[in-house]
Amino acid sequence: MNVNFIAEVSSNHSCDVNRCLEFIDCAADIGCDSVKFQLFKIDKLFAPEILEKSEKHRMRRLWELSPDLLPALAERCKVKGIQFSCTPFYLSAVEELEPYVDFYKIASYELLWDDLLVACARTGKPVIISTGMANLDEIKHAVEVLRNNNCEPTVLHCTSAYPTPYNEANLTAIETIRNSTGCEVGWSDHTVNSGVIHRAIHKWNAKVVEFHLDLDGKGEEFESGHCWLPEQIGLVIKQVRDAEDSDGDGIKEPVPSEMSDRLWRTDPSDGLRPFKSIRNSFNPDTK
């Protein structure tokens, strides 16, 4: 099984181009296949009634990623051999992203917005959708909209709680979504629990795993508790990659690392180790 690990930078980049590039380098170094940013404008994300009342929401303008950075981010991803993705949160963002992204990602909050789904699908680029807070009918509708526009999506089961209690991950829903849609299904993690990720992959066959990454605990979203640090998620990715290499060819025969012990098995003639053929020649000082 080859798992596509996607590092979600979210708003932890602090609008700093050097920090953005460091995220890309870090994602590549810890073994990710893709890195994802978000492209939003607060005035196009929240209704004016909300922005008028809430300074907290207005302050999120400080988290906006400048579209001017897209060429540099995409180029750095090419250099590092990692896919570049971004979530569009307004319709014209789809067009702004098209020259640069390898795939689009639709966030859970935007899952019901058919116009955004259609705009992404019509670019001809791959689309991944997250399904936090959604019921099965809403997911099936989004898949249908994308398929009607010649796009076969990848669907990520997701629990949109930041962080998600591990006992609310509901990983069994991966199989429910797969059986109901026929799509490839993965897991978008907010638990920061390595066991959850391993189970999503090895029990429920998640082929895509997205997670929120922070570099140093100084990102805007780190205090919420849903972001992994590089050394934490790097170990999980290494374990998964090592496990991928452990499948072998399925032929049951001795492997090189155990060949030297074959003659030290119990001799069937007397029930003692090793085989009689090497007992007389045994030298305990021989390495």
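The following paragraphs lead the reader through selected helices, buried residues and backbone features of this structure. The model is a predicted one.

The account begins with helix H1, which spans residues 17-29, and helix H5, which spans residues 70-80. Their axes come within 10 Å and cross at roughly 25°. Because angles under 35 degrees count as roughly parallel, H1 and H5 are described as roughly parallel to each other. The crossing of these two helices is right-handed. On the side of H1, the contact is made by Cys 20, Leu 21, Ile 24, Asp 25, Ala 28 and Asp 29, and on the side of H5 by Ala 72, Leu 73, Arg 76, Cys 77 and Lys 80. By class, the residues of this contact comprise seven nonpolar and four charged, with no polar ones.

One residue of H1 may be followed in greater detail. Cys 20 lies in this helix and counts as buried, since its relative accessibility is 0%. Apart from neighbours within four places in sequence, Cys 20 is in contact with His 13, Phe 37, Leu 65, Leu 69 and Leu 73. Leu 73 is also among the residues with which H5 meets H1. A distance to another part of the chain gives a sense of scale: Gly 250 is 230 residues away from Cys 20 along the chain, and the C-alpha atoms of the two are separated by 43 Å.

Attention now turns to strand S3, where Ser 85 is found. With a relative accessibility of 0%, Ser 85 is likewise classed as buried. A polar atom of the Ser 85 side chain lies 2.7 Å from the backbone oxygen of Phe 103. Leaving out residues up to four places away in sequence, Ser 85 touches Val 35, Lys 36, Phe 37, Val 101, Phe 103, Tyr 104 and Lys 105. Phe 37 thus appears among the contacts of Ser 85 as well as among those of Cys 20.

Strand S3, covering residues 83-88, also takes part in covering the buried residues of helix H7. Within H7, which runs over residues 114-121, the buried residues are Leu 116, Leu 117, Val 118, Cys 120 and Ala 121. Their cover further includes helix H6 (91-97), strand S4 (103-106), strand S5 (127-130) and helix H8 (136-147).

Helix H8 in turn meets helix H9, which is formed by residues 173-181. The axes of H8 and H9 come within 11 Å and cross at roughly 45°, and the two helices are therefore oblique to each other. This crossing is right-handed. Leu 136, Ile 139, Lys 140, Val 143 and Arg 147 of H8 make the contact with Thr 176, Ile 177, Ser 180 and Thr 181 of H9. Divided by class, the contact of H8 with H9 has four nonpolar, three polar and two charged residues.

Further along the chain, Trp 228 is placed in strand S9, which consists of residues 227-228. Trp 228 has a relative accessible area of 3% and is therefore buried. Its side chain makes a polar contact of 2.9 Å with the side chain of Asp 189. When residues up to four places away in sequence are not counted, Trp 228 touches a set of residues including Asp 189, Val 192, Asn 193, Ser 194, Ile 197, Phe 211 and His 212. Others in that set are Leu 213, Asp 214, Ile 233 and Val 236. By contrast, Asp 267 is 39 residues from Trp 228 in sequence, and the two are 53 Å apart in space, C-alpha to C-alpha.

The final topic is the backbone. Most residues other than glycine have a negative phi, and most peptide bonds are trans. Against that background, four places in this model deserve notice. In the loop between strand S1 (4-8) and H1, Ser 14 has a positive phi, near 60°. Ser 14 counts as partly exposed, because its relative accessibility is 36%. The loop between strand S6 (154-158) and H9 contains Pro 163, which is joined to Tyr 162 by a cis peptide bond with omega of about 5°. Asn 170 is located in the loop between S6 and H9, and its phi is positive, at about 55°, although it is not a glycine. Its relative accessibility is 48%, so Asn 170 is partly exposed. Lastly, the peptide bond from Arg 273 to Pro 274 is cis, with omega near -15°. Pro 274 belongs to the loop between helix H11 (230-245) and helix H12 (276-279).

How values were computed
Residues are numbered from 1 along each chain as its sequence is written. This is a predicted model: local features need pLDDT of at least 70, side-chain atom pairs count only at pLDDT 80 or more; totals for chains, interfaces and linings use all residues. Side-chain values use heavy atoms; hydrogens and water are left out. Helices (H or I, at least four residues) and strands (E, at least two) are DSSP runs, numbered from the N terminus. Buried means under 20% relative accessible area, exposed over 50%, partly exposed in between (1.4 Å probe, protein chains only). Contact means heavy atoms within 4.5 Å. A polar contact is a pair of N or O atoms within 3.5 Å; within protein, one must be able to donate a hydrogen and the other to accept it, and residues adjacent in sequence count only if both atoms are side-chain atoms. Axes are lines fitted to C-alpha atoms, for helices over the stretch in contact, and angles run from 0 to 180 degrees between N-to-C directions. Angles under 35 degrees count as roughly parallel, over 145 as roughly antiparallel, 65 to 115 as roughly perpendicular and the rest as oblique. A crossing is left-handed if the near helix is turned anticlockwise from the far one by less than a right angle, and right-handed if clockwise. Ala, Val, Leu, Ile, Met, Phe, Trp, Tyr, Cys and Pro count as nonpolar, Asp, Glu, Lys and Arg as charged, and the others, Gly among them, as polar.
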